[in-house]
Structure formats: C-alpha cells, structure tokens
Amino acid sequence: MTDVQRVVDTFEIQALSVDFTDSSMMRDWDRFASLFAEDGAWRMPHIDVVLASRAEIREGIERLREGMWEFFVQNVHPGTISLDGDTATGRAYIEEFGQFRDGKCLLNHAVYHDRYARTADGWKFTERLYEIRYIDTNPLSGRPPS
C-alpha cells in the first residue's frame with residue numbers, strides 16, 4: 001500500500017464516523033444505515049442491543065432516536081485507525097447528551113470500537129461496539145431553543 005493510499009483510506013474511514021454522527025443528528029436514517037456493510041453489526045451492550053444487519057440498523061436507529069429521545073446531541077472525535085489491506089480497525093470518541101421522552105437526562109462520554117471493510121461502495125462499518133466510559137444522569141442545565 002502506498003503512503004498516498006494509506007492517507008486516502010484513513011480519511012475515508014474517519015469520514016464514516018463523521019457521517020454516522022451527522023446522519024443521526026439530521027435524522028437521515030437511510031444514510032445512517034448505508035454506512036454499514038449489509039451484514040454489519042451495531043452493538044450497544046449497556047442497553048443489551050445488537051442490530052446485526054443494515055436492515056435492522058435502519059429500523060433500530062429510527063426506533064431508538066424517534067421513540068426514546070426528546071432531544072439528542074452527539075459529537076465525534078477521531079481516534080486511531082489500523083489498516084490491513086481491505087480491512088481495518090479503529091476507535092472514535094463520542095460525547096452525547098440529551099433528554100429522554102420520560103424527562104430523564106443523560107450526558108456521557110464513550111468510545112466506539114470499530115471494524116471496517118472496503119466494499120464496492122467504499123469503506124463501511126462491519127461492526128461498531130459502543131462502550132460508555134462516563135455517564136451522568138443529572139438534569140441538564142440547558143434546553144433546546146424554542
């Protein structure tokens with residue numbers, strides 16, 4: 001692999017995490033699901049959720065975001081990426097806060113442990129494993145604008 005290809009691959013993989021956050025914030029569920037391989041998996045052990053296909057991920061993100069959250073904000077920070085030909089592993093760091101429809105609030109910091117594969121449609125997640133590192137359930141001091 002050339003140095004230029006390594007830079008391009010790293011950039012394209014980092015863009016997946018950015019697109020993940022952007023499509024979630026913009027409620028673009030089709031784009032969100034398209035970031036995963038057809039048989040990709042999204043794992044959230046803290047709530048005992050495993051979505052094990054693009055179709056399940058598409059249905060799951062809409063159910064989770066629309067059904068549970070009054071409002072939700074996520075920020076992503078790039079982590080490491082280790083390339084190995086047409087596959088890679090990496091991490092992305094997440095900060096989230098929001099309010100559930102039942103009035104409970106959440107602020108957390110987490111890390112996604114990721115696996116990626118190069119496909120005919122570009123790099124895709126083959127697995128995202130969500131690990132919370134810090135959680136705060138105190139009421140938030142702010143609110144979304146009216």
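Two rings of Phe, Tyr or Trp count as a pair when their centres lie within 6.5 Å; planes under 30 degrees apart make the pair stacked, over 60 edge-to-face, and anything else is tilted. Keep that in mind as we walk through this structure, which is a predicted model. A search of the whole structure turns up twelve such aromatic pairs.

Let's start with the sheet. Six strands make up an open sheet, running in the order β2-β1-β6-β5-β4-β3, with mixed pairing. At the edges you'll find β2 and β3 (69-84), and each has a single partner strand, so one side of each goes without a neighbour in the sheet. From one strand to the next, the twist averages 15 degrees. As a bit of background, strands in a sheet pair through backbone hydrogen bonds, in either a parallel or an antiparallel way. Here, β1 and β6 take the parallel option, over four bridges. On that theme, F36 stands opposite F125 in β6.

Now add the helices. Helix α1 packs on the sheet and touches β1, β3, β4, β5 and β6. The direction of α1 makes about 170 degrees with that of β3. Helix α3 packs on the sheet too, touching β1, β2, β3, β4 and β6, and its direction makes about 40 degrees with that of β1.

What about the nonpolar core? The largest one has 24 residues, and those with the most contacts inside it are F20, F36 and W42. Plenty of elements chip in: α1 (3-25), α2 (29-34), β1 (36-44), β2 (49-51), α3 (54-68), β4 (87-100), β5 (105-119) and β6 (122-136) each supply at least two of its residues.

F20 is a good residue to zoom in on. Which residues does F20 touch, once its neighbours within four places in sequence are left aside? They are F32, L35, F36, W42, Q74, Y112, F125 and R128. Is F20 buried or exposed? Its relative accessible area is 1%, and because buried means under 20%, F20 is buried.

Two of those contacts are ring pairs worth a look. A pair of aromatic rings is described by how far apart the centres are and by the angle between the planes. F20 and Y112 sit 5.3 Å apart, centre to centre, with 75 degrees between the planes, which makes the pair edge-to-face. This pair links distant parts of the chain, with F20 in helix α1 and Y112 in strand β5, 92 residues apart. Y112 is buried as well, at a relative accessible area of 2%.

The other pair is F20 with F125. Their ring centres are 6.0 Å apart and their planes are at 80 degrees, and because that angle is over 60, the pair is edge-to-face. Again distant parts of the chain are linked: F20 belongs to helix α1, F125 to strand β6, and 105 residues separate them. Both F20 and F125 are buried.

Step back a little and a cluster appears: ring pairs link F20, F32, F36, W42, Y112, Y116, F125 and Y130. R128 joins in with its charge. Its charged end sits over the ring of F20, 4.4 Å from the centre, and R128 also lies over the face of Y112, at 3.8 Å from the ring centre.

For a last stop, go back to helix α1 and find A15 there. A15 is partly exposed, with a relative accessible area of 26%. Its C-alpha atom is separated by 14 Å from that of A117, which is 102 residues apart from A15 along the chain.

Notes: Residues are numbered from 1 along each chain as its sequence is written. This is a predicted model: local features need pLDDT of at least 70, side-chain atom pairs count only at pLDDT 80 or more; totals for chains, interfaces and linings use all residues. Side-chain values use heavy atoms; hydrogens and water are left out. A nonpolar core is a set of buried Ala, Val, Leu, Ile, Met, Phe, Trp, Tyr and Cys residues joined through side-chain atoms within 4.5 Å. Buried means under 20% relative accessible area, exposed over 50%, partly exposed in between (1.4 Å probe, protein chains only). Contact means heavy atoms within 4.5 Å. A charge sits over a ring if NZ of Lys or CZ of Arg is within 6 Å of the ring centre and within 35 degrees of the ring normal. Two strands pair if DSSP finds at least two bridges between them. Axes are lines fitted to C-alpha atoms, for helices over the stretch in contact, and angles run from 0 to 180 degrees between N-to-C directions.
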